[in-house]
Amino acid sequence: MSEAPPRPRRRRGPRLPKPPVPPAFLPRPLPPGTQRGAPRTALDHAAESGKVVVDWIDERTQLSGVTRWVMFRKVPRGTNWFYTLGSATMFAFLAQAVTGVFLAMYYRPDASGGAYESVRYISTSVFLGNFVRGMHKWGATVMVVLVFLHMARTFVWGAYKYPRELNWVIGVTLLILTMIMGFTGYLLPFDERSYWATIVGVNINGTGPVIGPYLSDFLRGGPEFNATTLSRFYAIHMLILPGAIAGLILAHLYLVTKLGTTAPPWVKATPEEPALGEETA
Amino acid sequence: MNQREKEAYLREYSILKAQGKPFFPYAVAKDSLMGLLVVVVIIVLSLLFGAQLGPKASGATTTYVPRPDWYFFFLFQLLRVIHPPGFLGVATIGIPTLGMILLFLLPFYDRSAERRIERRPIAVATLVFVVVAMALLTLRGAAAGSPTALTISAPAAVKAAGKGAVSEFYAGRAASSDVGCGACHTIGTAGNPGPGPALTHVGSRIPLAGIERTLVNPTAPMPSFKGLPPKELTAIATFISDLK
């Protein structure tokens, strides 16, 4: 007399709510003789189509591994709201990019007449123009504040220490590029305020030792403020710097993913807890 | 940080990480909320304060007070506080560059394994010093007038000439500050070192009449001041000729 095989134990854990699927998409019992999983109706095919497309792309790009690596990695115990400052800075940068693209659709970097008029046109005539320009202006302030807060958090928590030294260096580069972004963008409206602030700023650069005069000559496009200065600032502001910042943000994020975000320094692993790889024993 | 400390940190971190939650959806949800908040704040700021557009830039007016965006105030104020004659380059580029280099190299000279802020007294002192200094400089930079405002005091010869001459000197100094001589000239410790020549002792080289002629009919790129009221023009010329 043989004993009945032990019943498989039911999985413990909370029962998660089911998503509200329309009745047409609910699986129906299979007619006898059909193979399990084979699509039968047009609706089944339609339901499968998303999966098919994703599979097709994944077969050629093999991106699913990277996506899993990025999205399903664990963030350490103790992670709190201070960890959102970095991504908040990135969102501010993205907002600047979007509003900047809309401003670039109307802006003309023409110092001899056109730059100021195009900004006035944006402010007075373009639908929501002054609102978008205001967002771009205040977005700069928000981004600078967030960069400094993010850096302060990193400093106070000692998150720049081993093994994240390189990411600190990239972050400082991003801080400096953000400041240069603010400096070059300030000239573009080409009113009295921006013009004179830029003249003084470039002159200050010129007083620096060794490279100072070359730097201010490069910024002005010559020994004096001239017609090419504005287009030079424009190119730096909307082509060179955004590209550099976007690239460095990607490098920053790669290292964050690779090394993991720090745990808050006051969170300690308790000695009873098994180390990684020992918990299966 | 030696090898043992590095390995201890990595071991500790791997435990904390294994006990954590997956990035998606927990961290992603927080980040998205924060990103939404950032965009809302930007929109509210834009609606409340908007973006102003001043009069069109023209190289001819020098009466304009140059003002950077607020996050450069600390730098501007720093230049006003530190103004050693002959070492201007040190103040303008030297100090910010030194600050940047120190910031870049932070993980390379702070090599201790300690991460808790209450056990890093030097880090706390540096942080407090930098934050207080930057806040003070920003506030004072916001309150201060033009960086080209003139600060030179009356020379002995003017003082000897009596009270009338002294008050005339300061009236001329105020007028010169207003039209922005300091934007292109150094006068005493104030003003920019170029493109114009320093005027600190110009009175000993050029007579009053010559100065008046130069103000009305200057060499490019200096703008002409013949549009000013004659009284103001005379006050400026007298002030400059007093600089001996």
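**Notebook: two chains and their shared core**

I began with chain B and looked up how far apart its domains sit: the C-alpha centres of domain 1 and domain 2 of chain B lie 35 Å apart. Domain 1 covers residues 67-146 of chain B, and domain 2 covers residues 156-241.

I reminded myself that this is a predicted model, and I checked its scores next. The ipTM is 0.81 and the pTM is 0.76. For chain B, the average pLDDT is 84, with 91% of the residues scoring at least 70. A note to self: where pLDDT is low, the predicted coordinates should not be read in detail.

**Entry: where the chains meet**

How many residues does each chain bring to the contact? I found 72 residues from chain A and 65 residues from chain B. On the chain A side, at least two residues each come from strand S1 (74-75) and from the helices H3 (84-104), H4 (115-124), H5 (129-156), H6 (165-187) and H7 (192-206). Helix H5 of chain A gives the most to this side, with 12 residues. I also sorted the chain A side by residue kind and got 43 nonpolar, 16 polar and 13 charged.

Then I looked at the strands. S1 of chain A is joined by two bridges to strand S1 of chain B (residues 21-22), and the two run antiparallel. In this pairing, A:Lys74 stands opposite B:Pro22.

**Entry: cis peptide bonds**

I went through the backbone for cis bonds and wrote down one in each chain. In chain A, a cis peptide bond joins A:Tyr162 and A:Pro163, with omega about 5 degrees. A:Pro163 belongs to the loop between H5 and H6 of chain A. In chain B, the cis bond joins B:Phe24 and B:Pro25, where omega is also about 5 degrees. B:Pro25 is in helix H2 of chain B, residues 23-49.

**Entry: positive phi**

I noted two residues other than glycine with a positive phi. A:Gln62 has phi near 55 degrees, and it lies in the loop between helix H1 (42-61) and helix H2 (64-71) of chain A. A:Phe190 has phi near 60 degrees and is found in the loop between H6 and H7 of chain A.

Is A:Gln62 buried or exposed? I count A:Gln62 as exposed, because it has 9 C-beta neighbours inside 10 Å and the cut-off for exposed is 12 or fewer. A:Phe190 has 27 such neighbours inside 10 Å, so it counts as buried; the cut-off for that is 20 or more.

**Entry: the nonpolar cores**

A:Phe190 turned up again when I opened the largest nonpolar core, which has 56 residues. The members touching the most others are A:Ala92, A:Val142, A:Met143, A:Leu146, A:Phe190 and A:Leu230. Which elements supply at least two residues of this core each? From chain A I listed H3, H4, H5, H6, H7 and helix H9 (227-259), and from chain B H2 and helix H3 (73-81). H5 of chain A gives the most here, with 11 residues.

I picked A:Met143 for a look at its contacts. Leaving out residues up to four places away in sequence, A:Met143 touches A:Thr89, A:Ala92, A:Phe93, A:Gln96 and A:Thr178. Apart from the largest core lies another one of 18 residues, including B:Ala175, B:Leu215, B:Ala235 and B:Ala237.

Methods:
Residues numbered from 1 in each chain as written. Chains lettered and ligands numbered in written order. Predicted model: local features only at pLDDT ≥ 70, side-chain atom pairs only at ≥ 80, totals over all residues. Domains from an automatic or database assignment. Contact = placed C-beta atoms within 7 Å. Helix = DSSP H or I, 4+ residues; strand = E, 2+ residues; numbered from the N terminus. Nonpolar A, V, L, I, M, F, W, Y, C, P; charged D, E, K, R; others polar. Pairing = 2+ DSSP bridges. Core = buried A, V, L, I, M, F, W, Y, C linked by C-beta atoms within 7 Å. pLDDT = per-residue confidence, 0-100.
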